[in-house]
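Q: Got a minute to go through this one with me? I'd like to start with the helices and then move on to pockets and cysteines.

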Amino acid sequence: MAKKTWIEKRDVEKSFIVKTTDKRFADIPESSKMLIATPKIIDDYVKCIAFGQKSNIPTMRNDLAIEYQADKTCPVTSGIFLRIVSEAAYEELKSGKKIDTVTPFWRIVDPKSKLAGKLECGIEFIKEQRDKEGVK
């Protein structure tokens, strides 16, 4: 079976889950309601970050937890799904889509983060896009 593209991984039909943690997990205390989002939820969130603005993963996790009536958003799946969203957007760019039509992942992926170093686009691409938008 062929390996799924990043776009296919992003566009998978999946439902979010809010579960109660049975033990402490990362920055989430025991008995907290934890949101496990979906790539689509992360994609929609990133698309709402305005041109010339930036956000970060802790802010996104907090905003999504509030939106979905949870205490926290899972840090592990948030990172995984943000990578899927970022790689899918870059795949779309490589296939000829215009930059203003893809999810602006450079507005949330910090060029100094581990995630930025893993992305196919590379750290320089993120820095260039931020520079073009005046994001510091």
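A: Sure. For helix names, helices here are DSSP runs of H or I with at least four residues, numbered from the N terminus. Keep in mind that this is a predicted model.

Q: OK, which residue takes a positive phi just after H4?
A: That's glycine 96, with a phi of about 110 degrees.

Q: And H4 itself, how far apart are its end C-alpha atoms?
A: They are 29 Å apart. At 1.5 Å a residue, its 20 residues should span 28 Å, so the two values agree.

Q: How many of the residues of H4 are buried?
A: 14 of the 20, so H4 is mostly covered, taking buried as under 20% relative accessible area.

Q: Switching to pockets. How much space lies in the largest pocket?
A: About 150 Å³. Helix H4 (75-94) and helix H5 (114-118) are the elements that give two or more residues to its lining.

Q: Which residues line it?
A: Ile57, Gly79, Ile80, Arg83, Ser113, Lys114, Leu115 and Lys118 line the largest pocket.

Q: How do those divide into nonpolar, polar and charged?
A: Three are nonpolar, two polar and three charged.

Q: Now cysteines. Is cysteine 74 buried or exposed?
A: Buried: its relative accessibility is 5%, and the cut-off for buried is under 20%.

Q: What about cysteine 121?
A: Cysteine 121 is buried too, with a relative accessible area of 11%.

Q: And how many disulfides does the structure hold?
A: Zero.

How values were computed:
Residues numbered from 1 in each chain as written. Predicted model: local features only at pLDDT ≥ 70, side-chain atom pairs only at ≥ 80, totals over all residues. Heavy atoms only, no water. Disulfide = S-S within 2.5 Å. Buried < 20%, exposed > 50% of the residue type's maximum accessible area, 1.4 Å probe, protein only. 1 Å grid on protein atoms, 1.4 Å probe; cavity = no way out; pocket = protein on both sides within 12 Å on 5 of 7 lines; lining within 4 Å. Points joined across faces, edges and corners; volume = space filled by probe spheres on them. Nonpolar A, V, L, I, M, F, W, Y, C, P; charged D, E, K, R; others polar. Expected span 1.5 Å × (residues − 1).
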